[in-house]
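Visitor: I should like to go through the reasoning behind the contact and pocket labels. May we begin with the structure itself?
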Number of protein chains: 2
Amino acid sequence: MPIDRELMKGSLDVLLLALLENGPMYGYQIVKEVRSRSEGLLDLKEGTLYPALHRLEKAGWIEGFWQARADGADRRYYRLTARGVAAAQQKRAEWRQLVAAMEGILR
Amino acid sequence: MPIDRELMKGSLDVLLLALLENGPMYGYQIVKEVRSRSEGLLDLKEGTLYPALHRLEKAGWIEGFWQARADGADRRYYRLTARGVAAAQQKRAEWRQLVAAMEGILR
DNA sequence: CTCATATACTTTGTATAACAAGGTATGAGT
DNA sequence: ACTCATACCTTGTTATACAAAGTATATGAG
């Protein structure tokens with residue numbers, strides 16, 4: 001049973017920035033990585049991910065670059081920019097604040 | 001600095017159901033309660049709350065009832081229905097699953 | 001050889017949520 | 001009188017996650 005779609009809203013940016021802190025990744029890899037790391041709980045859809053990546057790129061937090069391959073289609077990797085590194089930290093902190101505030105009420 | 005609006009999405013239902021587990025509350029009271037309990041971090045707007053309450057009522061999770069007052073305007077209290085009690089537990093569990101899954105990636 | 005599947009990126013349209021901004025009305029304090 | 005806090009509500013805007021579809025290549029099953 002996947003998580004309600006509305007719950008995910010807003011969490012995606014934090015999630016993507018945090019993932020890319022560990023180094024560049026390409027879209028399809030992110031989809032599978034999130035799915036496996038969350039044991040299927042977070043089932044990120046491609047129609048969600050790719051627009052999100054473009055959004056983050058437009059915001060100047062990540063930048064994409066094509067990596068050619070002999071076999072299969074080329075991959076578009078994304079890495080954090082300098083501003084992206086700062087945004088990742090800021091947004092992670094904000095996320096944790098939300099969780100703390102929520103827990104204060106859910107307790 | 002309040003939390004980014006998009007981060008809140010989906011969290012509101014969980015929050016409201018959890019609050020009403022402690023007994024009936026009226027709208028304006030909820031606004032102030034959330035604000036104070038989260039130390040201003042969660043600044044719930046009335047334009048957000050009232051539609052949300054109507055939505056939860058329509059879903060059959062809460063029910064509203066007017067409480068007349070001699071002084072001041074009448075208050076519309078909301079209480080959990082039987083189905084609402086179940087929904088509150090289910091949604092709290094879902095929220096905690098999301099937090100756990102996110103932490104697995106943010107760590 | 002053909003077909004299905006997995007990989008890999010993309011776009012269009014839909015549902016819905018949070019909010020800004022406004023409205024209505026009452027009672028208390030200055 | 002006027003402002004403020006209380007108390008409820010609605011309309012319009014913006015943004016997001018997703019379904020559904022499309023494009024293209026490589027691989028394996030039949």
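Visitor: What makes a polar backbone atom of B:Arg76 a polar contact partner of DNA strand D?

Guide: A polar contact is a pair of N or O atoms within 3.5 Å (within protein, one must be able to donate a hydrogen and the other to accept it, and residues adjacent in sequence count only if both atoms are side-chain atoms). That backbone atom is 2.7 Å from a phosphate oxygen of DNA strand D, so the pair qualifies. This is a predicted model: local features need pLDDT of at least 70, side-chain atom pairs count only at pLDDT 80 or more, and totals for chains, interfaces and linings use all residues. Side-chain values use heavy atoms, without hydrogens and water.

Visitor: Which part of DNA strand D does the side chain of A:Lys9 approach?

Guide: An N or O atom of that side chain lies 2.6 Å from a base oxygen of DNA strand D. The side chain of B:Arg69, in turn, has an N or O atom 3.3 Å from a phosphate oxygen of the strand. Both pairs are therefore polar contacts.

Visitor: Why are B:Tyr28 and B:Arg75 called near DNA strand D?

Guide: A residue is near a strand if one of its heavy atoms lies within 4 Å of it. 27 residues surround DNA strand D, and B:Tyr28 and B:Arg75 are among the closest.

Visitor: How do the residues of this surface divide by class?

Guide: They comprise seven nonpolar, seven polar and 13 charged residues. Asp, Glu, Lys and Arg count as charged. H4(B) gives the most to the surface, with five residues.

Technical notes. Residues are numbered from 1 along each chain as its sequence is written. Chains are lettered from A and ligands numbered from 1 in the order in which they are written. Helices (H or I, at least four residues) and strands (E, at least two) are DSSP runs, numbered from the N terminus.
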